[in-house]
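Student: Could you walk me through this structure, one piece at a time? I would like to begin with the strands.

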Amino acid sequence: LRVPDDPLVRAILDRDRGTIDLDGFDGVRRINAFTPMGNLTETEAYVVIGMSRQEALAQSNQSNRRALTTASISLLALTFFVWFVIDRLITGRLRSLTRASQIMATGDFSTRSGGPYTKDEVGDLAMAFDTMAAALEVRAREADEHGQSLQRLADQLSAIHEIDISVLQSRTLPEIADVALDHLEALVPADCLALALVERDGQNATLLGMRGRKHPSIPMGVPLPIASLGCVQAGRTDGFAYISDLALALDDHPALRSLLDEGFRSVASFPLATGNRMDGLLTMAAIEADAFSNADLGIATEVSTSLALALTNTALQNEIRDHALELEKRVDDRTAELAATNVELEAFTYSASHDLQAPLRALQGFAKALLEDHSDQLGAQGKEFVRRLALAARQMDQLLQDLLAYSVLGRVESP
């Protein structure tokens, strides 16, 4: 038996019941559980059960391992679930936003994040991104349309500039018509373009040129009523006339009815005038209704303005040329008349000079004879008179000699 001062005995006596990790009575360290037996009061007896640590913790360790394994599996499942939720609600949507941003960076503003627009930061970000993308798409489309409009305008201005230069370089009205119609055909969707020159009477016009894939039965070079060449009346000098659909035109005009019968549905006419008189008429027609836009009509108006100036300049040049020819003819006639007059004057001068020389020489001779042979009878005053008479005769003779020399010089210098 152990003595009472044994650590295990003292622990049992001190605590009455419980567990303690101490060496047993045989000196082996165990986990000891003890409790008193019955209700003994005089002599206390205790039941002590000891188990080694390995035996005591074996089942606990196994349970702990099972619990740890279960906890690990649960943790992995929870981790996967959390990852799935985060990927579905946050990371995946952020990847979608990133891909959409990369696509947008290439210039494609039609891309979208795809939502969903949840009530959180990512949903707000997706909605803001899609709103921005939609606005940028509209701006990009407007910028593209504006750029195309500017390009069309540049092409139109270039063509009109070429028309102006070509018109200024052209010399005849048919050349002007060919240049203008060739350029205008590339700018407007017309199936027929026609340019006519108004006659002096202001009621008729002659067709100068025609372009397009479809031509109406209008003869070239034959004066026709202005109304038969378009949809404007004679004498109109402002604006233009446009009928978008001939089939709906209320005016039963023979020329318009003829155009409709030949397959045309829309027609526009532009008077060429720089003042109060119509100098020409530009007409364009199409087989489709409402074929010409405001831009097309604006281009034709610009071209018609250039053509009106060209026709006016050409008319002025022709008038100046006619006046120049008439003036040149008048100069030639006057030159011929002057030449004939000069010939007559030269003949008269030569004849008069020769006819006057003989009397003057006779006068000089008689004056000399009087001074030499009869000076004594003349006296001083008579001699002075005779000398003056001789001097005047010599001066007159010199004047006639100069006149003859001048007439000869005029004949030599004249062509």
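Student: Which strand does β1 pair with, and over how many bridges?

Tutor: This is a predicted model, and in it strand β1, residues 18-23, pairs with strand β2, residues 29-36, in the antiparallel sense over 6 bridges. Within that pairing, Leu 22 has Arg 30 of β2 as its bridge partner, and Ile 20 stands opposite Asn 32, which also belongs to β2.

Student: What holds strands together in a sheet, in general?

Tutor: Strands of a sheet pair through backbone hydrogen bonds, and the pairing can be either parallel or antiparallel.

Student: Okay, and which strand is joined to β2 by 6 bridges and runs antiparallel?

Tutor: That is strand β3, residues 46-51, which is joined to β2 by 6 bridges and runs antiparallel to it. One bridge partnership to look for is that of Ile 31 with Met 51 in β3.

Student: What is the order of strands in that open sheet of 3?

Tutor: The order is β1-β2-β3, in an open sheet with antiparallel pairing. The edge strands are β1 and β3, each of which pairs on one side only, and the twist from one strand to the next averages 30 degrees.

Student: Which helix lies across these strands?

Tutor: Helix α1, residues 7-15, lies across β1, β2 and β3, and its direction runs at about 165 degrees to that of β1.

Student: Let's switch to the other sheet. What is the order of its 6 strands?

Tutor: Reading across this open sheet, the order is β6-β5-β4-β9-β8-β7, with antiparallel pairing. The edge strands here are β6, residues 224-225, and β7, residues 241-243, and each of them pairs on one side only.

Student: How many bridges are there between β4 and β9?

Tutor: Strand β4, residues 192-198, and strand β9, residues 278-286, pair in the antiparallel sense over 6 bridges. If you want one example to find in the model, Leu 193 has Met 284 in β9 as its bridge partner.

Student: Which helix packs on this sheet?

Tutor: Helix α4, residues 173-185, packs on the sheet and touches β4, β5 and β9, with its direction making about 50 degrees with that of β5. The helix α4 has 13 residues and reaches 18 Å from its first C-alpha to its last, which is close to the 18 Å expected at 1.5 Å a residue.

Student: Which residues of α4 are buried?

Tutor: The buried residues in α4 are Leu 173, Ile 176, Ala 177, Val 179, Ala 180, Leu 181 and Leu 184.

Student: What about Thr 206, is it buried or exposed?

Tutor: Thr 206 is found in strand β5, and it counts as buried because its relative accessibility is 12%, where the cut-off for buried is under 20%. Leaving out residues up to four places away in sequence, Thr 206 touches Leu 195, Ala 196, Leu 197, Glu 199, Gly 221, Val 222 and Pro 223.

Student: And where is Ile 218?

Tutor: Ile 218 is in the loop between β5 and β6, and with a relative accessible area of 21% it is partly exposed. Among the residues that Ile 218 touches, not counting those up to four places away in sequence, are Leu 207, Met 210 and Leu 229. The C-alpha atoms of Ile 218 and Leu 229 are separated by 8.1 Å, although these residues are 11 apart along the chain.

Student: New topic: how many aromatic pairs does the structure hold?

Tutor: The structure holds 2 aromatic pairs. In one of them, Tyr 242 and Phe 292 are tilted, with 6.0 Å from centre to centre and 55 degrees between the planes. This pair links distant parts of the chain, since Tyr 242 is in strand β7 and Phe 292 is in the loop between β9 and α6, 50 residues apart.

Student: How do Tyr 242 and Phe 292 come out for accessibility?

Tutor: Tyr 242 is partly exposed, with a relative accessible area of 25%, whereas Phe 292 counts as buried at 4% relative accessibility.

Student: What lies over the face of Phe 264?

Tutor: Lys 214 lies over the face of Phe 264, at 5.7 Å from the ring centre.

Student: Last one: where is Thr 111?

Tutor: Thr 111 is in the loop between α2 and α3, and at 11% relative accessibility it counts as buried. Leaving aside neighbours within four places in sequence, Thr 111 is in contact with Ala 100, Ile 103, Met 104 and Ala 133.

Key: Residues numbered from 1 in each chain as written. Predicted model: local features only at pLDDT ≥ 70, side-chain atom pairs only at ≥ 80, totals over all residues. Heavy atoms only, no water. Helix = DSSP H or I, 4+ residues; strand = E, 2+ residues; numbered from the N terminus. Buried < 20%, exposed > 50% of the residue type's maximum accessible area, 1.4 Å probe, protein only. Contact = heavy atoms within 4.5 Å. Pairing = 2+ DSSP bridges. Axes fitted to C-alpha atoms, helices over the stretch in contact; angles between N-to-C directions. Phe/Tyr/Trp six-rings, centres within 6.5 Å; stacked < 30°, edge-to-face > 60°. Lys NZ or Arg CZ within 6 Å of the ring centre and 35° of its normal. Expected span 1.5 Å × (residues − 1).
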